[in-house]
Amino acid sequence: SLFSFIHQYPLGSLRVKNAQHTGEEAMSSITTTTTTTAFCNNLNLLTSGSWNNVTKQWHPFNCSFTPFDKPRVDKCLSNKQIGFYGDSTLRNIAHELINLDKANITLAGWASSAKRYICGAGQIGSNGSSLAMYWTPSAFYQKPASMKSIETDDVSIISISVWDMGTYYRGVNPWFVAMKKIILEAAKKRRNKPLYVMNLHNIYASKCTLKNDNDQGRKALKLCQECNKMDAMFAFRDAIASAVRCVKEDGNHNVYLIDTFGVTNSSFGEEHSDGVHFSSEVTQVELQVLLSAICNSSFQHDLNETLLSSGTCPSQPNFEEGRQLGCKQY
């Protein structure tokens, strides 16, 4: 199989270089052990594994997984409206879904309409399905729940974090409050229909590079280097998980946390990262994780149970305490 998944990193833990096997070790284990037959039936299993550096494929440690191809995607999403609400990390996942389904949809880098925030929309598959990507990169400035589509979507996905870590930074604690409100309002508008919230994947401040040699480019580089430090990443990850937990404790059980950290927390991931985004190979696996949650009903219980141990609902948020965040408002 092309992909595999398995490693749940506890929130607040530190990244270790050897947290995942190298590709060579993964290939060795494949050739020297018996074939794993158990199906990857929860997201903990799906996101624990290792990359093969030669084939650029993701392999599971303790289960087998068949990646979604176009026929499976078309069947899963048949006659469904799919809404993506977030930043460029989510846009890249939506882009991989478009490529997988061979759909004729172009996603703009920025929203073409300041009022509607639409990056792109169109039909996917041949069974009456549609996809739309909405540019909502900040919990402080955009509200997915204000869009009519959040009510009519069959599936909605929200991913908001990286812009608020840098460009719109106001601190982690105020962001938690804003993000919790974003998720709560969207969950209520969704009623019983699923709302998937992406946690922040691994980011690498060491991979930040100067992309434009001008004042704006140098400011972007400084933001990337100062604001994407490990302590900041874990602070925002804790805040997202806790925000989802708060919304669920408020009685909204249609909210699911999707965490692809294990897929991106590796030397392979770091090598295929620009600091915030990942190459197509890595993003494809993030898409496979999301599709597994959406399309496999047996995952639902595991999503809920996993979430119970992935965050708490704090009465007084203190995600910044004891952490050297590095970022400041500019």
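**Entry 1: second largest cavity**

I looked up the second largest cavity in this predicted model and noted a volume of about 100 Å³. The structure holds four cavities of 30 Å³ or more.

I then listed the residues that line the second largest cavity. Among them are Thr89, Leu90 and Ile93, together with Ser159, Ser161 and Val162. The stretch Met198, Asn199, Leu200 and His201 also lines this cavity, as do Thr260 and Glu286. By class, I recorded five nonpolar, six polar and one charged residues in the lining.

Which helix gives the most to this lining? I found that helix H4, residues 88-101, does, with three residues.

**Entry 2: largest pocket**

I turned next to the largest pocket and noted a volume of about 900 Å³. Of the 29 residues that line the largest pocket, I recorded Trp163, Thr167, Lys211, Ala220 and His277 as the closest to its centre. The elements that give two or more residues to the lining are H4, helix H6 (162-165) and helix H8 (215-227). I noted that H8 gives the most, with eight residues. The lining of the largest pocket has 13 nonpolar, 12 polar and four charged residues.

**Entry 3: helices H7 and H9**

I examined how helix H7 (residues 172-190) packs with helix H9 (residues 230-249). The angle between these helices is about 35 degrees, and their axes lie 9 Å apart. I recorded the crossing of H7 and H9 as right-handed.

On the H7 side, I listed Val172, Trp175, Phe176, Met179, Lys180, Ile183, Leu184 and Ala187 in the contact. On the H9 side, they meet Ala235, Phe236, Ala239, Ile240, Ser242, Ala243, Val244, Cys246 and Val247. By class, the contact of H7 with H9 has 15 nonpolar, one polar and one charged residues.

**Entry 4: phenylalanine 236**

I followed one residue of H9, phenylalanine 236. Is phenylalanine 236 buried or exposed? I entered phenylalanine 236 as buried, because its relative accessibility is 1% and the cut-off for buried is under 20%.

Which residues does phenylalanine 236 touch, not counting those up to four places away in sequence? I found Asp164, Met165, Tyr169, Val172, Trp175 and Leu200. Of these partners, Val172 and Trp175 are also listed in the H7 side of the contact with H9, and Leu200 is listed in the lining of the second largest cavity.

I also looked up the separation of phenylalanine 236 and asparagine 199. These two residues are 37 residues apart in sequence and 8.7 Å apart in space, C-alpha to C-alpha. Asn199 is one of the residues that line the second largest cavity.

Note on methods: Residues numbered from 1 in each chain as written. Predicted model: local features only at pLDDT ≥ 70, side-chain atom pairs only at ≥ 80, totals over all residues. Heavy atoms only, no water. 1 Å grid on protein atoms, 1.4 Å probe; cavity = no way out; pocket = protein on both sides within 12 Å on 5 of 7 lines; lining within 4 Å. Points joined across faces, edges and corners; volume = space filled by probe spheres on them. Helix = DSSP H or I, 4+ residues; strand = E, 2+ residues; numbered from the N terminus. Nonpolar A, V, L, I, M, F, W, Y, C, P; charged D, E, K, R; others polar. Axes fitted to C-alpha atoms, helices over the stretch in contact; angles between N-to-C directions. Left-handed = near helix turned anticlockwise from the far one by under 90°. Contact = heavy atoms within 4.5 Å. Buried < 20%, exposed > 50% of the residue type's maximum accessible area, 1.4 Å probe, protein only.
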